[in-house]
Amino acid sequence: MPDPAPMLETLVLQPTPFCNIACTYCYLPDRDDRRLMTAATVEASFARVFESGWAAPDLTVIWHAGEPLVAPIAFYEDALATAERLRPPTVRVRHSIQTNGMLLNAAWCDFLRRHDVGIGVSLDGPRALHDAYRVGRNGRGTFDRTMAGIRLLQDHGVPFHVITVLSRDSLAAPEELVAFYRQAGIDQVCFNVEESEGDHVSALFAAEDLRPRFARFLDRFWRCARESGGFRFIREIDGMLPRILRPEEAPLRNEQVVPFGILSIGCTGDAATFSPELLGLRNAACGDFLIGNVHTHSLAQMRDSLVLRTMARDIAAGVARCRDECPYFSVCGGGAPVNKLTENGGFATTRTRFCELTQMVPTDLILDAVERMELADRPAAAGVG
Ligand code: SF4
């Protein structure tokens, strides 16, 4: 029987590999490369996706993997028009941008609002925590310019979330982070712990006690945030809740472990699937993880490539092991292949530090909270009978 048709939910496009700053934990290998995706590559990317018939009814396009605002607004006006022209009527496309926020201005805010583009800003907390790692090419902190960008978004009524990379110091400062976000009017937050990726090695990520430290951080942050009443979305909690509390029969889809759940296309048209971070990585067994190029390959041809078939086999073996061995499988669905590769040396593996932090810790916290609520709802023993 032929494989079922893929369902492409997330398309990651790299407008440029270049980044205008030089964060000390950055793992992107080509961040000095100033090339910009050409109009022909934009066209080929959307044409390949839509002609495949694999795009989900709601397709998210994320412009990332470099600093996207380095590309001019005119680039995105053309790119969004191309997507609109080529999209089948059955597919809705929502664009989103992940940025350091430093190049935002009134014209960008107007563009983001007009096209309802989702926006995430990288902000690592108050000045001292942010500037310790997020520095410009001159070595100076970027806090002031990022905050200026955030204030512009707020003044123009553009909704946004922030992504905060947690360091050793910020893990010890959940109350400080809550107070800072409240004071800055930021109510949607996502956390990443500083990881070892590409050529960046994180001592924090290797620390023995990272899991309990992150658990303490998230527990405290969540409690303080609830008490403050000022947060609409904490990804680690609110993103996990529907997966934990869904009906038992509802299937869970992990788009990172199925071919073409996510398709990542680099600035020159090179394509990778599964975890987006695989675009640009190299490894002795799989080479560069590229499954083709949109200028020369259809998605069907990419699906037949040896690289994809080898990766799909190994990733499926890892998911099968997760299913057999891990009590968190029903909320996780088999993890992030790139972390299995970088932490364990292969896709056909299971537990990683990354899955402990992103799956196990939030699940445990939420289940503990549910249990406390259930206990609180029961009549006190002394009052019964
Ligand atoms: S939490 Fe980790 S070990 Fe468990 S299913 Fe997910 S990736 Fe596999």
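**Hairpin β8-β9.** I began with strand β8 (residues 262-265) and strand β9 (residues 270-273), which run antiparallel and are joined by three bridges; the model I am reading is a predicted one. Looking for a bridge partner, I found leucine 263 opposite threonine 273 in β9. The two strands form a hairpin with four residues between them, and in the turn I noted glycine 269, whose phi is positive at about 100 degrees.

**From β9 to β10.** On following β9 further, I saw that β9 also pairs with strand β10 (residues 292-293), in the antiparallel sense and over two bridges. Here alanine 271 has glycine 292 as its bridge partner in β10. The loop between β9 and β10 holds phenylalanine 274, and I marked this residue for its positive phi of about 65 degrees, since it is not a glycine. Is phenylalanine 274 buried or exposed? I record phenylalanine 274 as buried because its relative accessible area is 0%, where the cut-off for buried is under 20%.

**The whole sheet.** I then traced the open sheet, which has ten strands in the order β7-β6-β5-β4-β3-β2-β1-β8-β9-β10 and mixed pairing. Its edge strands are β7 (233-234) and β10, each of which pairs on one side only. Elsewhere in the sheet I checked strand β3 (residues 92-99) and strand β4 (residues 118-122), which run parallel with four bridges between them; isoleucine 97 stands opposite isoleucine 119 in β4. Helix α5 (residues 143-155) packs on the sheet and touches β4 and β5 (161-166), and the direction of α5 makes about 155 degrees with that of β4.

**A second positive phi.** Alanine 65, in the loop between β2 (55-63) and α2 (73-86), has a phi near 75 degrees, which is a positive value in a residue other than glycine. I entered alanine 65 as buried because its relative accessible area is 18%, against the cut-off of under 20%.

**Glutamate 236.** I next looked up glutamate 236, which lies in helix α10 (residues 235-239) and counts as buried because its relative accessibility is 9%. What does the side chain of glutamate 236 reach at 3.1 Å? I found the backbone nitrogen of phenylalanine 191 at that distance, and a polar contact of 2.9 Å with the side chain of arginine 235. Leaving aside neighbours within four places in sequence, I listed the contacts of glutamate 236 as Val189, Cys190, Phe191, Phe214, Leu218 and Pro362.

**Threonine 363.** This residue lies in helix α16, and I set it down as buried because its relative accessibility is 5%. A polar atom of the threonine 363 side chain lies 2.6 Å from the backbone oxygen of glutamine 359. Not counting residues up to four places away in sequence, threonine 363 touches Met240, Ile244, Tyr328 and Val331.

**Around the ligand.** Last, I went through the surroundings of the ligand, which are Cys322, Cys326, Phe329, Cys332, Gly334, Gly335, Thr350, Arg351, Cys355 and Met360. Which elements give two or more residues to this shell? I noted α14 (329-332) and α16 (353-377); α16 is also the helix in which threonine 363 lies. Sorted by class, the shell around the ligand has six nonpolar, three polar and one charged residues.

Note on methods. Residues numbered from 1 in each chain as written. Predicted model: local features only at pLDDT ≥ 70, side-chain atom pairs only at ≥ 80, totals over all residues. Heavy atoms only, no water. Near = heavy atom within 4 Å. Nonpolar A, V, L, I, M, F, W, Y, C, P; charged D, E, K, R; others polar. Pairing = 2+ DSSP bridges. Buried < 20%, exposed > 50% of the residue type's maximum accessible area, 1.4 Å probe, protein only. Polar contact = N/O pair within 3.5 Å; in protein donor to acceptor, adjacent residues only side chain to side chain. Contact = heavy atoms within 4.5 Å. Axes fitted to C-alpha atoms, helices over the stretch in contact; angles between N-to-C directions.
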